[in-house]
Amino acid sequence: MSVTVRSFAKINLGLRIGNLRADGFHELLTIYQTVALHDVIRVQVGRGSGIEIRSEDPRVPKDESNTCYRIVDKATGALNARGRVVIEIEKCLPVQGGLGGASGNAVATLLALERALKKELPGPEKLRIAAEVGSDLPLFLVGGTVLGVGRGEQVYPLPDLPTLACVVVTPDVGVSTPKVFADWDASQAPELTPADASDRMNEFGRVLSAWLSAQQKAKSGKGLSGVSARGRGRAETPLLDLVRTGIENDFERVVFPQYPELLEVKRVVERAGAFYASLSGSGSAIYGLFATRSAAQKAAARLQKMGVKALATSTLTRRQYWSRIFE
Ligand code: C5P
């Protein structure tokens with residue numbers, strides 16, 4: 001039996017880089033948001049043994065360096081399962097794009113494998129295995145609006161943002177995440193001391209915490225500024241306000257000087273009407289959030305005319321994410 005799963009992308013709504021840890025990773029604080037752009041993963045378990053990766057896209061590694069290979073290797077062990085696992089990857093998302101393409105592919109593969117085997121790992125075990133394969137995987141086991149802490153692998157569901165119209169631009173540039181982290185370290189020393197890094201993380205944490213409690217208060221009818229929480233607008237606006245007023249992705253500070261064309265893309269997306277535009281993760285994808293779906297579609301068409309690879313899409317709430325994942 002072949003199981004087909006949609007492997008959705010993510011964007012980062014703000015990202016703070018903290019201290020370099022003893023294990024070589026950096027402390028992170030970010031809000032992940034799943035979006036509707038996706039690859040398609042098909043998993044089949046047959047007789048024999050081994051793991052085979054198929055993809056028509058030459059950029060997709062077919063060996064054990066592929067995140068899908070690595071997660072199947074770990075999961076079959078944990079599930080005590082046998083058989084030959086064939087994974088087919090239909091690629092639409094960019095490689096090294098900051099959209100979590102390879103990470104989402106691995107989680108989709110894990111979910112498909114469980115279905116194909118009719119066996120399931122306990123939730124915490126799945127999160128552990130996902131985190132072992134990469135920092136950006138566990139978020140795809142939550143979906144929607146997700147808080148990422150630790151090295152980004154510790155994930156907590158946040159109250160979902162409303163579905164937002166979005167344009168994702170995928171420039172023909174691959175950005176290496178480890179290299180960008182190393183460049184960040186080089187660029188920060190010596191003016192940013194570890195204490196400064198923590199302060200900036202704490203500041204972001206306070207803003208988030210204030211948003212969460214404002215939402216709680218709004219639910220109980222005691223919204224901010226005494227506004228009653230009729231409808232859903234009030235509770236959602238603080239994070240949208242935060243987004244609008246310039247929640248920042250620290251990676252921009254190292255990526256834009258190296259790839260000035262990406263800053264130019266961000267400006268073009270802003271000029272096309274986005275109320276907020278940012279690099280996603282370490283890039284190279286740039287996204288813009290728009291007030292309406294038609295504004296996003298118009299902006300994408302305008303960008304395409306200028307020769308920019310732009311796709312109109314929307315963010316996915318947790319419920320949408322899980323209801324659309326299996327075909
Ligand atoms: O976890 P992942 O495999 O995505 O990380 C790839 C590399 O990116 C790590 O080996 C590390 O160099 C860097 N990284 C980091 N801090 C993080 C996440 C990743 O320095 N929080």
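**View 1. Ligand contacts at Arg151, Ser135 and His26 in a predicted model.** A backbone N or O atom of Arg151 lies 2.9 Å from a nitrogen atom of the ligand. This is a polar contact (a pair of N or O atoms within 3.5 Å; within protein, one must be able to donate a hydrogen and the other to accept it, and residues adjacent in sequence count only if both atoms are side-chain atoms). Ser135 places a polar side-chain atom 2.5 Å from an oxygen atom of the ligand. For His26, an N or O atom of the side chain is 2.7 Å from a ligand oxygen atom. The residues around the ligand also include Gly24, Phe25, Leu28, Gly134, Pro178 and Phe181; each has a heavy atom within 4 Å of the ligand.

The model is predicted: local features need pLDDT of at least 70, side-chain atom pairs count only at pLDDT 80 or more, and totals for chains, interfaces and linings use all residues. Residues are numbered from 1 along each chain as its sequence is written, and side-chain values use heavy atoms, with hydrogens and water left out.

**View 2. The contact between domain 1 and domain 2.** Domain 1 spans 2-160 and domain 2 spans 166-318, with bounds from an automatic or database domain assignment. Their C-alpha centres lie 22 Å apart. Contact (heavy atoms within 4.5 Å) takes 37 residues from domain 1 and 44 residues from domain 2. The buried area is about 3,400 Å², and carbon and sulfur atoms give 64% of that. Buried area is the accessible area (1.4 Å probe) that two parts lose on being put together, summed over both. In domain 1, Arg16, Ile17 and Gln96 lose the most area to domain 2, together 21% of what that side buries.

**View 3. The salt bridge of Arg16 and Glu203.** The two side chains meet at 3.3 Å, N to O. A salt bridge puts a side-chain nitrogen of Lys or Arg within 4 Å of a carboxyl oxygen of Asp or Glu. The count between the domains is two salt bridges. Polar contacts there link 19 residue pairs, both residues at pLDDT 80 or more.

**View 4. Backbone geometry in two loops.** A cis peptide bond joins Gly283 and Ser284, with omega about 15°. Ser284 sits in the loop between strand 8 (276-279) and strand 9 (286-290). Asn80 is not a glycine, yet has a positive phi of about 55°. Asn80 belongs to the loop between helix 1 (67-79) and strand 4 (84-90). Helices (H or I, at least four residues) and strands (E, at least two) are DSSP runs, numbered from the N terminus.
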